[in-house]
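Here's a quick briefing on the fold you're about to look at. Have the viewer open and follow along, topic by topic.

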Amino acid sequence: MTKHYGRVLALDGAEFTVQPGEVVALIGDNGAGKSTLVKTLSGTIRPDGGEILIEGKPVRMTSPLDARRYGIETVYQDLALAPDLDAAANLHLGRELYLIPFLRVLNRSAMRERAIAAFSDLGVSLPDVTAPVATLSGGQRQSVAVARAALYASKVIFMDEPTAALGVVQRERVLDLIRRVRDRGISVVLISHNMPEVLAVADRVEVMRMGRRVAVLTASQATVEQLVGAMTGALEVTAALKTVAGEEDRSAFGKEIPNGAQPGQSAGTDPAGGTS
Amino acid sequence: MSGTGPDTPGMTGAQPDPPQPPAHPASPATVTESAPAAATPSAEATLRADSRMQEERAAAKDRAALRQAGLGQRVLRRTFTANESWTFLALIAIMAFFTIKAPHSFLTTTDLTLIAENASPLLIMAVGQTFVILTAGIDLSVGSVLVLSSVISDEYYLHHGAGSGGWLTVIVGMVLGIAVAAAWGGMQGFLVSKAKIPPLIATLGGFGAALGVSYLITGGVDLGSPPGPVKNTIGLGSVAGVPWLIVISFVVTLVFGLLLRYTRFGEYTFAIGSNPEAPRRAGIAVDRHLIKVYTLAGGLSGLAGILSLAFNDGTTLTGHSLDNLTVITGVVLGGASLFGGRGSMLGTFIGIFIPQVLNSGLVIIGVNVDWQQVAIGVVLVGAVYLDQFRLRLRDRVG
């Protein structure tokens with residue numbers, strides 16, 4: 001997958017794989033290309049090159065509607081809910097149920113029933129599905145967004161930092177929700193900056209750096225140190241991971257570090273040099 | 001840091017460990033220990049009692065919050081926080097005041113009819129304006145589009161037998177006027193949604209241009225009588241004692257109120273005003289919906305133009321330059337938020353009548369009518385202040 005923004009290369013031959021029914025965390029430093037990659041995979045932006053295979057078949061995605069047709073939904077960082085509409089209406093936005101289809105008269109009670117069923121399926125407890133979403137807590141709103149995606153996704157849900165704005169308890173709830181979605185056979189791709197969270201919920205971790213996939217790790221065998229190392233480029237191949245990216249910039253990087261790592265030479269002037 | 005971790009084979013000398021903050025285990029510990037130590041035993045006791053009281057208070061608050069979640073209370077709370085409830089109470093209060101002051105003339109049948117007839121074109125424009133304001137837009141062009149529609153339709157009548165035209169002529173003229181008005185609104189909707197011109201400017205331009213076109217067509221002189229059927233039915237006629245004007249405007253309000261509340265069109269209108277990104281990402285054609293909403297507002301102003309033409313027995317080039325403000329005032333008094341996403345047709349209905357009732361009441365009790373404008377101005381600013389206060393509160397919670 002390749003994507004240029006003017007002269008900036010956002011995706012430089014990035015690869016990404018999702019297996020059915022797993023939680024994959026996609027991590028990387030700011031500007032590594034995670035969001036751009038997810039946007040190409042969810043049809044929001046068009047890549048300049050590369051291909052998307054679904055169950056082995058190449059597909060073209062020119063809009064989010066295409067992605068949706070393939071059973072791919074996205075939960076956005078900034079929620080994308082209409083705060084003045086209630087949870088049931090938000091759940092059905094763009095996919096309303098009708099009482100009189102010809103006149104586009106909404107069947108609010110059916111939508112409400114379906115919303116209650118969807119929330120209880122996922123173990124989301126909302127005080128009132130008819131209350132405007134604006135009156136819900138951040139965690140409850142995120143739950144509505146996730147439930148909305150889970151209701152329609154048949155294959156993959158992309159989540160861009162779903163817990164970034166949440167407190168500890170709410171964060172746990174959303175992570176539980178992610179596990180439950182996975183247990184229903186839907187794959188979840190989780191973008192996150194929170195390493196312990198990634199290791200807690202993900203089955204696999206794919207690491208991006210400078211527009212490329214640089215590592216694929218099994219979450220149960222990985223450590224926070226490994227993740228951070230792979231993200232920053234400090235960590236080379238270990239037994240648990242295989243690299244995909246080229247070697248050149250890394251070896252250049254590697255040359256500099258021993259210099260800084262010898263405190264005897266730079267003592268007093270730059271004691272922190274070795275930690276970079 | 002160097003030398004603290006073993007060099008694993010895959011690492012090129014750099015330490016992957018996250019930078020550990022310099023450990024100062026002593027400092028937090030000393031703080032927590034020194035505080036009680038410094039306090040005398042009695043001070044410590046009061047401190048403990050204080051914290052216990054605070055806990056109890058917090059628990060009580062939790063219980064209260066839980067109790068509040070009961071269904072009956074929820075319904076009650078929503079009734080009292082719904083803006084139109086307050087507007088309705090205000091209208092009732094105004095009516096009660098004037099009824100007590102002038103029991104024999106205020107709110108008699110003739111007075112009510114007069115109020116409603118005067119308000120009819122305003123009400124119809126306010127229906128369209130409600131949709132526009134719900135999308136977080138504004139339509140300043142309503143009064144000029146009203147004039148344009150009446151001019152177009154009367155011009156057609158003048159070329160087709162003027163006052164002696166038959167029903168077919170009447171209907172063609174009406175359709176023509178409304179169609180031009182709707183197209184005018186659609187053009188403004190295009191400017192707002194596709195050309196990304198702020199609604200205030202797009203419709204301000206439309207406001208001036210529509211009036212200009214009307215003056216160009218008429219040469220600045222009001223056109224005369226429309227055909228007899230127009231005047232005698234819509235203008236002055238009535239069904240079962242209720243003037244046609246009132247019947248039409250009330251039916252329009254009801255129909256579009258239902259459209260707003262119960263259909264997908266209404267739902268999308270609320271959703272767009274609430275957060276346009278939400279429907280956009282849900283795959284809804286937001287731009288197209290906005291064009292439809294502005295087209296609807298234009299078309300309804302056109303209908304108001306037809307009613308005005310019939311009622312006044314001719315065009316009224318002057319006298320509609322402040323209609324936009326009157327209409328927007330009514331919609332906002334009715335509880336619609338200028339920030340979009342909140343409002344109702346019932347609220348608009350009540351909101352449009354408040355200034356009219358106030359006006360009529362002041363005339364009857366012999367107070368200078370100009371007080372009405374002062375009162376409405378104050379109430380309007382207060383209403384919007386409360387609304388933005390509410391919005392700020394909501395965003396802070398969110």
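Of the 276 residues in chain A, 44% count as buried. Keep in mind that this is a predicted model. Chain A's secondary structure adds up to ten helices and twelve strands. Look at contacts in chain A between residues at least 6 apart in sequence, and 65% of them join residues at least 24 apart.

**Chain B, in brief**

- Chain B has 398 residues, and 41% of them count as buried.
- Its secondary structure comes to 16 helices and two strands.
- For chain B contacts with a separation of 6 or more, 78% come from residues 24 or more positions apart.

**The six-stranded sheet of chain A**

- Six strands of chain A form an open sheet, in the order β6-β9-β10-β3-β11-β12, and the pairing is mixed.
- Its edges are β6 (72–75) and β12 (212–218) of chain A, each of which pairs on one side only.
- On average, and ignoring direction, neighbouring strands in this sheet are turned by 20° against each other.
- As a general reminder, strands of a sheet pair through backbone hydrogen bonds, either parallel or antiparallel.

**Walking across the pairs**

- Starting at one edge, β6(A) and β9(A) run parallel and are joined by four bridges; A:Thr74 has A:Phe158 in β9(A) as its bridge partner.
- Next, strand β9 (residues 156–160) of chain A runs parallel to β10(A), with five bridges joining them. A:Met159 is partnered there with A:Leu190 of β10(A).
- To get from β9(A) to β10(A), the chain passes through helix α6 (residues 168–183) of chain A, and this β-α-β crossover is right-handed.
- On from there, β10(A) pairs with strand β3 (residues 23–28) of chain A in the parallel sense, over four bridges. A:Leu26 sits opposite A:Ile191 of β10(A).
- β3(A) is also joined by five bridges to strand β11 (residues 204–209) of chain A, and these two run parallel. The bridge partner of A:Val24 in β11(A) is A:Arg204.

**Helices on the sheet**

- α5(A) packs on the sheet and touches β6 and β9 of chain A, with its direction at about 175° to that of β6(A).
- α6(A) packs on the sheet too, touching β3, β9 and β10 of chain A, and its direction makes about 150° with that of β10(A).
- How do the axes of α5(A) and α6(A) cross? Helix α5 (residues 138–152) of chain A and α6(A) have axes that come within 9 Å and cross at roughly 10°. Angles under 35 degrees count as roughly parallel, so α5(A) and α6(A) are roughly parallel to each other.
- On the α5(A) side, the contact is made by A:Gly138, A:Gly139, A:Gln142, A:Ser143, A:Val146 and A:Ala150. The α6(A) side brings in A:Gln170, A:Arg173, A:Val174, A:Leu177 and A:Val181.
- Sorted by class, this contact of α5(A) with α6(A) has five nonpolar, five polar and one charged residues.

**What's buried, what isn't**

- Why is strand β10 (residues 187–191) of chain A described as largely enclosed by the rest of the structure? Five of its five residues are buried, so that description follows.
- Both faces of β10(A) are covered: A:Ser187, A:Val189 and A:Ile191 are buried on one side, and A:Val188 and A:Leu190 are buried on the other.
- β6(A) also has both faces covered, with A:Ile72 and A:Thr74 buried on one side and A:Glu73 and A:Val75 on the other.
- A:Arg184 is in the loop between α6 and β10 of chain A. Is A:Arg184 buried or exposed? A:Arg184 has 11 C-beta neighbours inside 10 Å, so it counts as exposed.
- The C-alpha atoms of A:Arg184 and A:Gly21 are separated by 7.6 Å, although the two residues are 163 residues apart along the chain.

**The hairpin at β1 and β2**

- Strand β1 (residues 2–5) and strand β2 (residues 8–12) of chain A pair over four bridges in the antiparallel sense.
- The bridge partner of A:Thr2 in β2(A) is A:Asp12.
- Two residues lie between the strands of this hairpin of β1(A) and β2(A), and A:Gly6 takes a positive phi near 60°.

Notes
Residues numbered from 1 in each chain as written. Chains lettered and ligands numbered in written order. Predicted model: local features only at pLDDT ≥ 70, side-chain atom pairs only at ≥ 80, totals over all residues. Buried ≥ 20, exposed ≤ 12 C-beta atoms within 10 Å, placed from the backbone. Pairing = 2+ DSSP bridges. Right-handed = clockwise from strand over helix to strand, strands pointing away. Axes fitted to C-alpha atoms, helices over the stretch in contact; angles between N-to-C directions. Parallel < 35°, antiparallel > 145°, perpendicular 65-115°, else oblique. Contact = placed C-beta atoms within 7 Å. Nonpolar A, V, L, I, M, F, W, Y, C, P; charged D, E, K, R; others polar.
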